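Q: Got a model to go through with you. Can you take a look?
A: Sure, put it up.

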Amino acid sequence: MKADVVIIGSGISGLTAAALLAKHGKEVVLVEKNRNPGGSIRQFTRKNHAFDIGFHYTGCLGEGEILNLLWQHCGVLDKVNIIPASQGGYDHFEDPATGKVIRGYFSYEHLEEELIANFPHEKNGIKTYLKTIRTNCQDVPFYKTDLPLLPFLRGYKDQVNSLSSFLDKTIEDRLLRSVLEAPGFLYGVPTRKASVEVHSLVAHGYYSGAYKVAGGGQSVVNSFVDAIRATGTSLSVNAEVTSIQVKNGAVTGVTLYSGEEITCSQIIYTGHPGQSLALLPPSVFRPAYKSRVRNLQNSLSMFAVFAESEKFVDCTTGALNYYIFPKTGEILPPQSMLAPNQRIMLMTSGAPASSKELHGHGNDVTLLSTGYWKDVEPFLKNDSPRRSPEYTAWKADITDKMVTKAEERWGAISGTLTPLATATPLTFRDKLSAPSGCTYGAMHCLGQYTPDVRTRLSGFYLSGQSTLMTGVVGASVAGLVSAGEILGLEDLWRSIRL
Amino acid sequence: MTDKEVFQKIVDVLAEEFELNKEEITLEASLYEKLGLDSLDAVDMVIVLERTFNLKLANEEDIRSIWTIGDLVNFIVKKKAELTVE
């Protein structure tokens, strides 16, 4: 087989890059080692419930916004039904210590009003915080789409402002601080390691609007797959790349587990950068780069309980997600001795069905809590695809505790919950090929430089959450940039904005 | 640390981490033209130097002003001195 570009991994980065490259005339082969395409944004089913692994809601889907532009250019936008959170949509943040509830509106104006009404003595701090978030996104082309890409992407960026120090100076109230730190859950970085700059990039999207997609992430995956196949691009599943061939300092092709070889002159690798090294001859990168990529610190993992709810969880009334903070301590500590049900936990409803109304697909919810690699370390001794009975019992206990807590707090909304599946950091590691079960790739945090899309190996590009930014938006943008490095960044950017 | 010690350490670490010939790493050698490093190596270089000299080099202007190994030695010596004063 022969292609211009082989893309390894069919998550939203790979799908986006494939659609863009194919649209601009490249012959693309997209290879996925799993049985189903979609990576973290696909769904899985249990008892007629389709559960989203990673795509619960996103920003940047409003008209003229980056994801909207990209999906339009890729021929996907008119195939999916985007459902904006209702006017007055918010995340429900609950403080178990006081019982107080704060609404995290998906709107700067509403959010500011709500925060000042609840914390009047912190008015100046609230204004400073929100202004800082906005200002930090002013020069970011993915938010200000009339800006060119290159000045933002090239060169060395310093990232030295600590979110913790900034909040120490700006905010006093513990609950208010937790509400402002909460977007950290959406990029998986403990607050003490977070930078104001990265926090701004994520929080700005979220304070500017939230969107669900009818049919969840799976409908995005399906629409991309249809769009890609319509261009003649081949998508191979169960196709694991076992090695990448290099000749005279440039890539020449890949070999699959089946022994099949695909000749190509360009490769986009969308997995965790640390794992790409094993596919390449050891001499292609220098020790400095290899040790940097191999030693990347990864984002937090999660515990996820996928459950059938007795009641239909309705999102039309305003709350998109229900969060509860831990009783004491930070909401996103670097490590946690608390049980997962005692950490920050959230309940989110299933994907809306394909209609204009923002309502659940049926009666299902997902409970999420932060996960740490340390949580599963006791079970690594006999680490094999077949889990030990101790692990299974431990997982059942966590499931039970998370369900009990959710029923206690939100039973009036959800009714009783019947868990149908649970994911731990081990599950995320194995199902998403994510080292230490990280749900947001390598951490975009203080003191860590995540790798560039370009590498020193000619024709070899990285993509995915570990490169530029996290989440659906971050990974899509990484897909855009990796395709742009091949097609010409500014030309591609211009054609997307037309 | 003396200039000489800093220079020697830079020679050792660049040879090791960037697979360069020690003989080519002279004070006059340009990082980009002579030694063939480019913007893609800049971040790796910062990380290696931060680790080697136990420094924080988080200022884009500073990094951009470095062209030769000699510039780099002066820069590190200056940074080290600033740290001692503080």
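**Between the domains**

A: Domain 1 (5-82 + 214-296 + 442-497) and domain 2 (84-212 + 297-437) of chain A both give residues to the lining of the largest cavity, so the cavity lies between them. The domain bounds come from an automatic or database domain assignment.

Q: What should I know about the model and the numbering?
A: This is a predicted model: local features need pLDDT of at least 70, side-chain atom pairs count only at pLDDT 80 or more, and totals for chains, interfaces and linings use all residues. Residues are numbered from 1 along each chain as its sequence is written, chains are lettered from A and ligands numbered from 1 in the order in which they are written, and side-chain values use heavy atoms, with hydrogens and water left out.

Q: What volume does the largest cavity have?
A: About 100 Å³. A cavity is a set of points, on a 1 Å grid over the protein atoms alone, where a 1.4 Å probe fits but cannot get out. Volume is the space filled by probe spheres set on the points, with grid points joined across faces, edges and corners.

Q: Which residues are closest to its centre?
A: A:Asp52, A:His56, A:Ser349, A:Gly350 and A:Ala351, out of 15 that line the largest cavity. Lining residues have an atom within 4 Å of a point. β4 (49-52), β8 (211-213) and β17 (364-371) of chain A each give two or more. Strands are DSSP E runs of at least two residues, helices are H or I runs of at least four, and both are numbered from the N terminus.

Q: And how does that lining divide by class?
A: Seven nonpolar, five polar and three charged. Ala, Val, Leu, Ile, Met, Phe, Trp, Tyr, Cys and Pro count as nonpolar, Asp, Glu, Lys and Arg as charged, and the others, Gly among them, as polar.

Q: How many cavities of 30 Å³ or more are there?
A: Two.

Q: Back to the domains. How far apart are their centres?
A: The C-alpha centres of domain 1 and domain 2 of chain A lie 24 Å apart. 52 residues of domain 1 are in contact with 67 of domain 2. Contact means heavy atoms within 4.5 Å.

Q: Pockets now. How much space is in the second largest?
A: About 830 Å³. A pocket is an open set with protein on both sides within 12 Å along at least five of seven lines. The second largest is lined by 27 residues, with A:Arg42, A:Phe44, A:Arg46, A:Thr427 and A:Lys431 nearest its centre.

Q: Which element gives the largest share of that lining?
A: α14(A), with five residues. By class, the lining has 10 nonpolar, nine polar and eight charged residues.

Q: Switching to helices. How do α4 and α6 of chain A cross?
A: At roughly 150°, with axes coming within 9 Å. Axes are lines fitted to C-alpha atoms, for helices over the stretch in contact, and angles run from 0 to 180 degrees between N-to-C directions. α4(A) and α6(A) are therefore roughly antiparallel, a term for angles over 145 degrees.

Q: Which residues meet there?
A: A:Gly125, A:Thr128, A:Tyr129 and A:Thr132 in α4(A) meet A:Phe166, A:Leu167 and A:Thr170 in α6(A). That contact has three nonpolar, four polar and no charged residues.

Technical notes: Parallel < 35°, antiparallel > 145°, perpendicular 65-115°, else oblique.
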